[in-house]
Amino acid sequence: MELTRWPLAALTAPLLLAACGDASETTTATTVAAAQASAPEARATLTTADGASAGTVSFRGAPGGTEVDIQVTAARAVTAGRFHGIHVHANDNPANGEGCKADPAAGPATWFTAVDGHLKAGTATHTDHTGDLPSVLVRKDGTASLRFTTDRFTPAEVMGKAVVLHANADNFGNIPTGSLPDQYEANAEAATTKTADTGNAGDRVACGLISRP
Ligand SMILES: [Cu+2]
C-alpha cells in the first residue's frame, strides 16, 4: 500500500507548490500595480508638542471608500503595547486658533486644542462622528502601523482638517460602570461628556494638518 501512496504524494506536492507560487506572483504584481496607480491624495505628518515628527497618515481613494494608512514612529508620544485613540478633528473654529499649535511649556491637556473637536455632521456623538477612526495598537518598540478603508469621507473632504493622536485608548462609547480602574463612575464627566465627545481618549499627544502630499 505504501508503495502506491508515495508516488502519488510525490507527484502532488510539486504541483501544489507550483500553483501557490503562481498565485503569489500574480497577487504581488496586482498589488504593485494598484499602489502605482493610486498615490496618496492627502497626507498629514504627525508632530508632538515640541515639534518632533511622530509619524504620517495618508489618504487615498480605494474600492469601497478611502484607504487610510497610519504609521506611528515616535515612541515617546505613545505607550508601548497599548491602544491609542486617533481621529480626524474638524479644525473649523478660528476662535480657538488654526492648525496644530501646541505649547510644550503648557500642560498636555491644552496641546493641540486649536484643531477643535472631532469632524462630525450635526449633533452626532462619538462613535458616529465622520472623523472617528479605529485605534492604533502600538508595538513593543513604540511604533504602530494600521491600514483600513472607510466610507465616511473622501480624501478631498478631510483636506484642511487635522489628525490627532491621543494619549489613551478610545472607549468607543463603551462605559462599564463600577469602581475598578477600567470602569466608570456613573454620570461622571468621563462617562458622559468626554465619552460622547472623544471616547475619553485623553490628551492630544501628536497632531498633523491634512494637506496635499
Ligand atoms: Cu480626537
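The following questions and answers introduce the fold and some individual residues of this predicted model.

Me: How many helices and strands does the protein chain have?
Reply: Along the sequence, the pattern of the protein chain reads α-β-β-β-β-β-β-β-β-α-β. The secondary structure therein comes to two helices and nine strands.

Me: What is the order of the strands in the open sheet of seven strands?
Reply: The pairing in this open sheet is antiparallel. In general, strands of a sheet pair through backbone hydrogen bonds. The seven strands stand in the order β5-β8-β9-β1-β2-β3-β7.

Me: Which strands stand at the edges of this sheet, and by how many degrees are neighbouring strands turned on average?
Reply: A strand with a single partner has one side left without a neighbour in the sheet, and this holds for β5 and β7, so the edges are β5 and β7. Neighbouring strands of the sheet, direction ignored, are turned against each other by an average of 20 degrees.

Me: How many bridges join β3 to β7, and which residue is the bridge partner of E67?
Reply: Strand β3 covers residues 65–72 and runs antiparallel to β7, with seven bridges joining the two. Within β7, the bridge partner of E67 is T149.

Me: Why is strand β8 largely enclosed by the rest of the structure?
Reply: On one side of β8, A162, V164 and H166 are buried, and on the other side V163 and L165 are buried. Both faces are thus covered. Strand β8 is largely enclosed because its buried residues number five of five.

Me: Which residues stand opposite L165 and V163 of β8 in the paired strands?
Reply: Strand β5 (residues 86–89) runs antiparallel to β8 and is joined to it by four bridges. Strand β9 (residues 204–209) also pairs with β8 in the antiparallel sense, over five bridges. L165 stands opposite I86, and the bridge partner of V163 in β9 is G208.

Me: Is R139 buried, partly exposed or exposed, and which residues is it in contact with beyond four places in sequence?
Reply: R139 lies in the loop between β6 (136–137) and β7 (144–150). R139 has 14 C-beta neighbours inside 10 Å, so it counts as partly exposed. Leaving aside neighbours within four places in sequence, R139 is in contact with A80 and A144.

Me: How far apart in space are R139 and V72, C-alpha to C-alpha?
Reply: In sequence, R139 and V72 are separated by 67 residues. In space, their C-alpha to C-alpha distance is 9.9 Å.

Me: Is F112 buried or exposed, and is N187 buried or exposed?
Reply: Neither residue is a glycine, yet F112 has a positive phi of about 60 degrees and N187 has a positive phi of about 65 degrees. F112 lies in the loop between β5 and β6, while N187 lies in the loop between β8 and α2 (193–198). With 27 C-beta neighbours inside 10 Å, F112 counts as buried. N187 has 8 other C-beta atoms within 10 Å, so N187 is exposed.

Me: Which two residues does a cis peptide bond join?
Reply: T127, one of the two, is found in the loop between β5 and β6. The omega of the cis bond is about 20 degrees, and the residues joined are H126 and T127.

Me: What percentage of residues in the protein chain is buried?
Reply: The protein chain has 213 residues. Of these, the buried residues make up 31%.

Key
Residues are numbered from 1 along each chain as its sequence is written. This is a predicted model: local features need pLDDT of at least 70, side-chain atom pairs count only at pLDDT 80 or more; totals for chains, interfaces and linings use all residues. A residue is buried if 20 or more other C-beta atoms lie within 10 Å of its own, exposed if 12 or fewer, and partly exposed in between; C-beta atoms are placed from the backbone. Two residues are in contact if their C-beta atoms, placed from the backbone, lie within 7 Å. Two strands pair if DSSP finds at least two bridges between them. Axes are lines fitted to C-alpha atoms, for helices over the stretch in contact, and angles run from 0 to 180 degrees between N-to-C directions.
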